[in-house]
Amino acid sequence: MYTCPMHPEVQQDHPGACPKCGMALELKPGATSQPEDGNAELRDMIRRFQVGAALTAPVFVLAMAHVIPALASQPWVDGQTSRWLQFGLTIPVVGWAGWPFFVRGWQSLRHWHLNMFTLIAIGVGAATGFSVVAMLLPDLFPRAMQHDGKVAIYFEAAAVIVVLVLLGQVLELRARSRTGSAITALLNLAPPTARQVAPGGDHVVPLDQVKVGDWLRVVPGDKVPVDGVVVEGHSSVEQSMVTGEPVPVEKSVGDRVMGGTVNGTGSFVMRADRIGADTLLGQIVDMVAEAQRSRAPIQGLVDRVAGIFVPAVLAISVITFACWMWFGPEPRLAYAIVNAVAVLIIACPCALGLATPMSIMVGVGRGAQDGVLMKNAEALERLETVTTLVMDKTGTLTEGRPTLMDVLPVAGFPGDDLLRLAAALEQNSEHPLAAAVVQGAKARGVALTEVSNFRSVTGGGVIGTVTGRAVLIGKPAFLRNENIAGMEALEAYAAALQEDGKTALFVAVDGKPAGILAVADPIKSTTAEAIRELHALGLTLVMLTGDNRRTAAAVAKTLGVDAVEAEIEPAGKAAHIKKLRLGGRHVAMAGDGINDAPALSEADVGIAMGTGTEVAMHSAGITLVRGDLRGIAKAIRLSRATMRNIRQNLFFAFAYNALGIPVAAGVLYPVFGTLLSPMIAGAAMSLSSVSVIANALRLRKARL
């Protein structure tokens, strides 16, 4: 599918030009292959530029010969031979090399989406048409415009403008191809082929022929072709693409492997379960591509300005023509045409149109290189204004892999029975703390039995029957609500555990308190550094968690978090964020679980840890592939750098037009006797576009 970088809503299944802005459509990147004809437009423009430049060079020399001392005295300088040569060489330059500009200009008028090609087509067409008529029918012009029966011609201006615009297009298309370097780098992570296991032996097949369920062999040094599960063998896989860590991870039967990661010295056979765009790499490529083509809110201002800009330029060109005809010196008509054309050429709004999308494309690509994926340009723009960062605790600040630390039964209740009953009940729960209890029991050799009458209460706990005994696990309030009395002693004991950052799970058996299971979730090694970086960026940090107040406070104190809200249910997180926003805060929310999805959607910007659930990633505007909180600091720096770059581009584009149009119209002539040649106007117009793109490309080297 081909789409326009400035107007992503324009899509079609074949190459062409955007009917709104005239820019060449680009092939939207895919997850498994790169476009074969992605540079077709660039190759065409290079060919037209080379031919146009070769024909224009003698035209320029012939036209400027009278100011070259060595040639000025030659009789042919002002002769008909020189004029006819200029005529003959210019027609193919304008008619063939510049033909795409006239096609796009006509389309802009037909669809009434006036753009830079409208102005170029009118300007070059006017200069060429005037010169052709002057050559063929000089008697149509007043005698004041004739010199020895000849009227001044401007073939060199028309030809040079076409060549300069072609040069600008070549430089622009080359620069635009560089903005897609992040996509190219991601696509290159996937190998082009895979080793398919078959009864007659392994077969090397193109990657796009791999199907779900195929068995694939991965030998030492190979890249894993698609996402899947190891079914034979074992090895170590370097998966820094996802984790950011270069340390290889051991993989054996039953472990998942991801496409694009690099196999070590071992060999294994995997079963493909996600291919093409469904792989993690494919999803990352699609997300980056969509974000690069999305429109930032600031682009709305640019669109409104551009909507009136071209008609205004046309009006200014007409006024310029009229003023020179009424008040200008002789030959008035020549002056009027030249200055009106200069206004049209120098005012081409290409720099204005490119200012935002080029910065967005480069910025999004730069973020992808560091594992910061933007869902769209709006998230990138909004992140700049964020003043408060709200964070979940489990899986965001902590590892998200709680570990059973202590089994503390009440007096008279066997510790082994407490863990056996609790683990049997928790095996039916999907909560991370439940998994910690089950894993802890298995590590201690405890056999798990069947459970009946299992029931889970969101935000409270679980209840069920294990070997004929009623077992409850959860918060004190939950147990009290189930008529469990005598919790005070356990709560007092749990307070000390919670102040050490441990989470206490209260257990009751047969209607009586039975003990406490203490679970701890280690803080990520990178979290403290990330907190310091975020504070240095001026953010207020708030931790929201469903955990106990004492545990949450202990973690917050250790990390230096500014505020903490504990014992909050999922709906409460979203409500708290809404309250912050109503108070004038610009809020970003970072989380990784299904229960964080409502809060991520409520925030101005949702940030999902890539190591979390797909629900969280779909609810967020930004995804941190590596699940590292330091990625938020990178994302904020990227947002600020990108928005600063956009404003620089817009200022340059507006200032350029504000200064260039009056000069082209001739306001300096009465004072300095200076006029802006259409050729210089064409060079300045091309330079402005290239300058905007060059400034945007600086983001590729931004330090995050």
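A nonpolar core, as I use the term, is a set of buried Ala, Val, Leu, Ile, Met, Phe, Trp, Tyr and Cys residues joined through side-chain atoms within 4.5 Å. Keep that in mind. What you see above is a predicted model.

Let's start inside. The largest nonpolar core has 58 residues. Leu389, Met391, Ile607, Ile622 and Ile632 have the most contacts inside that core. Helix H23 supplies the largest share, 10 residues. There is also a second, separate core, this one of 50 residues. Phe87, Val94, Ala157 and Ile345 are among its members. As background, nonpolar side chains in soluble globular proteins tend to be buried together.

Take isoleucine 622. What does isoleucine 622 touch, leaving aside its neighbours within four places in sequence? Val372, Leu373, Met374, Ala379 and Leu383 are on the list. So are Val605, Gly606, Ile607 and Ala608.

Next, helix H18, residues 527-536. Which residues are buried there? Thr527, Ala530, Ile531, Glu533 and Leu534. These buried residues cover an arc of only 165° around the axis, so they sit on the same side of H18. Arg532 and Ala536, on the other side, are exposed. What does the buried set pack against? Two strands, S15 (388-392) and S22 (540-544), and two helices, H19 (549-559) and H23 (630-665). Just past the end of H18, glycine 538 has a positive phi, about 90°.

Strand S22 deserves a closer look. Threonine 540 lies in that strand. Is threonine 540 buried or partly exposed? Its relative accessibility is 31%, so it counts as partly exposed. Threonine 540 and valine 390 are 150 residues apart in sequence, yet their C-alpha atoms are 8.4 Å apart in space. Beyond its neighbours within four places in sequence, threonine 540 contacts Thr387, Thr388, Leu389, Asp562 and Arg585. Leu389 has already come up, as one of the residues with the most contacts inside the largest core.

Now a polar residue, glutamine 498, in helix H17 (residues 488-499). Its relative accessible area is 3%, and the cut-off for buried is under 20%, so glutamine 498 is buried. Sequence neighbours within four places aside, glutamine 498 is in contact with Ala504, Asn548, Arg550, Thr551 and Ala554.

Last, the surface. Trp84, Val133, Leu136, Leu137 and Leu140 form a nonpolar patch there. Together they have about 490 Å² of accessible area. Valine 133 belongs to helix H5, residues 116-136. At 33% relative accessibility, valine 133 counts as partly exposed.

Conventions. Residues are numbered from 1 along each chain as its sequence is written. This is a predicted model: local features need pLDDT of at least 70, side-chain atom pairs count only at pLDDT 80 or more; totals for chains, interfaces and linings use all residues. Side-chain values use heavy atoms; hydrogens and water are left out. Buried means under 20% relative accessible area, exposed over 50%, partly exposed in between (1.4 Å probe, protein chains only). Helices (H or I, at least four residues) and strands (E, at least two) are DSSP runs, numbered from the N terminus. The arc is that of the directions from the helix axis to the C-beta atoms. Contact means heavy atoms within 4.5 Å. Patches are made of residues with over 30% relative accessible area and no salt bridge: like charges are joined within 9 Å, nonpolar side chains (Val, Leu, Ile, Met, Phe, Trp, Tyr) within 5 Å. Accessible areas come from the Shrake-Rupley method with a 1.4 Å probe; for residues, only the protein chains shown count as cover. A salt bridge is a side-chain nitrogen of Lys or Arg within 4 Å of a carboxyl oxygen of Asp or Glu.
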